[in-house]
Amino acid sequence: MVKEKPNSIRIYDKDGFRRRAACICVRNESEDEVLLVTSSRRPDHWIVPGGGVEPEEEPSVTAMREVIEEAGVVGTLGRCLGVFENDERKHRTEVFVLVVTEELPEWEDSRSIGRQRKWFSLQDALKQLSLHKPVQLTYLESLLTRPQSKVT
């Protein structure tokens, strides 16, 4: 079952790639724990929450909306890790870091499709994504290679 929203309009960039946004949700500034959610298509697979950019919507807004819908968490949006391309699926995803400040007891996808969320150590999250989500794995790897800018 693919979760298509009614009236959702897919936005494409000039190269014909679908525009998406996602968040790496971390428990705190140390960024050593990451929240993953179960895939709507494959409930035994863990993925990074994200989805399609809506018309007239900034990718950062998309990312935060998707995290509330898919993971049931709210937080503070941090840096952008970049835009990641998936040639196979023809989409480009702008990925942000989100420090979670609140976990809702239930949320849209937990009610509608029974989606689960779970905290993983960074190493375990890398392992989970390496199994089925090579492009999402690169999101996490960039978390390691692009350290946050310390506020001075």
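The expected span of a helix is 1.5 Å times one less than its number of residues. Keep that rule at hand for the exercises below, which all use a predicted model.

**Exercise 1. Work out how the length of helix α1 compares with its expected span, then list its buried residues.**

Step 1. Helix α1 covers residues 59-71, which gives 13 residues.

Step 2. By the rule above, the expected span at 1.5 Å a residue is 18 Å.

Step 3. From the first C-alpha to the last, α1 reaches 17 Å, close to that expectation.

Step 4. Now look for the residues under 20% relative accessible area, the cut-off for buried. In α1 these are Pro59, Thr62, Ala63, Arg65, Glu66, Val67, Glu69, Glu70 and Ala71.

Step 5. Finally, check what comes next: α1 is followed by Gly72, which has a positive phi near 65°.

**Exercise 2. Describe how helices α3 and α4 pack against each other.**

Step 1. Find the two helices: α3 spans residues 122-132 and α4 spans residues 134-145.

Step 2. Their axes come within 7 Å and cross at roughly 155°. Angles over 145 degrees count as roughly antiparallel, so α3 is roughly antiparallel to α4.

Step 3. For the handedness, α3 passes α4 in a left-handed crossing.

Step 4. Pick out the residues that make the contact. From α3 they are Leu122, Ala125, Leu126, Leu129, Ser130 and His132. From α4 they are Pro134, Gln136, Leu137, Leu140, Glu141, Leu143 and Leu144.

Step 5. Sort them by class: the contact of α3 with α4 has 9 nonpolar, 3 polar and 1 charged residues.

**Exercise 3. Find out whether Ala125 is buried or exposed, and what it touches.**

Step 1. Ala125 belongs to helix α3.

Step 2. Its relative accessibility is 0%, so Ala125 counts as buried.

Step 3. Setting aside residues up to four places away in sequence, Ala125 touches Val34, Leu36, Phe120 and Leu140.

Step 4. For a sense of distance, take Thr93: it is 32 residues from Ala125 in sequence and 19 Å away in space, C-alpha to C-alpha.

**Exercise 4. Determine which residues of α4 are buried and what covers them.**

Step 1. Helix α4 has 12 residues and reaches 17 Å between its first and last C-alpha, close to the expected 16 Å.

Step 2. Gln136, Leu137, Tyr139, Leu140, Ser142 and Leu143 are buried in α4.

Step 3. The cover over these residues includes β1, β2 (33-38), β3 (46-47), β5, β6 (91-103) and α3.

Step 4. Zoom in on Ser142: with 6% relative accessibility, it counts as buried. Beyond its neighbours within four places in sequence, Ser142 is in contact with Leu81 and Phe84.

**Exercise 5. Compare the surroundings of two strand residues, Arg18 and Cys80.**

Step 1. Place them: Arg18 is in strand β1 (residues 18-26), and Cys80 is in strand β5 (residues 73-86).

Step 2. Arg18 has a relative accessible area of 17%, so it is buried. Cys80, at 36% relative accessibility, counts as partly exposed.

Step 3. Leaving aside neighbours within four places in sequence, Arg18 is in contact with Arg10, Ile11, Tyr12, Gly52, Lys90, His91 and Arg92. With residues up to four places away not counted, Cys80 touches Glu94, Val95 and Phe96.

Step 4. To finish, look from Cys80 to Cys23: the two are 57 residues apart in sequence and 9.0 Å apart in space, C-alpha to C-alpha.

Definitions and conventions: Residues are numbered from 1 along each chain as its sequence is written. This is a predicted model: local features need pLDDT of at least 70, side-chain atom pairs count only at pLDDT 80 or more; totals for chains, interfaces and linings use all residues. Side-chain values use heavy atoms; hydrogens and water are left out. Axes are lines fitted to C-alpha atoms, for helices over the stretch in contact, and angles run from 0 to 180 degrees between N-to-C directions. Helices (H or I, at least four residues) and strands (E, at least two) are DSSP runs, numbered from the N terminus. Angles under 35 degrees count as roughly parallel, over 145 as roughly antiparallel, 65 to 115 as roughly perpendicular and the rest as oblique. A crossing is left-handed if the near helix is turned anticlockwise from the far one by less than a right angle, and right-handed if clockwise. Contact means heavy atoms within 4.5 Å. Ala, Val, Leu, Ile, Met, Phe, Trp, Tyr, Cys and Pro count as nonpolar, Asp, Glu, Lys and Arg as charged, and the others, Gly among them, as polar. Buried means under 20% relative accessible area, exposed over 50%, partly exposed in between (1.4 Å probe, protein chains only).
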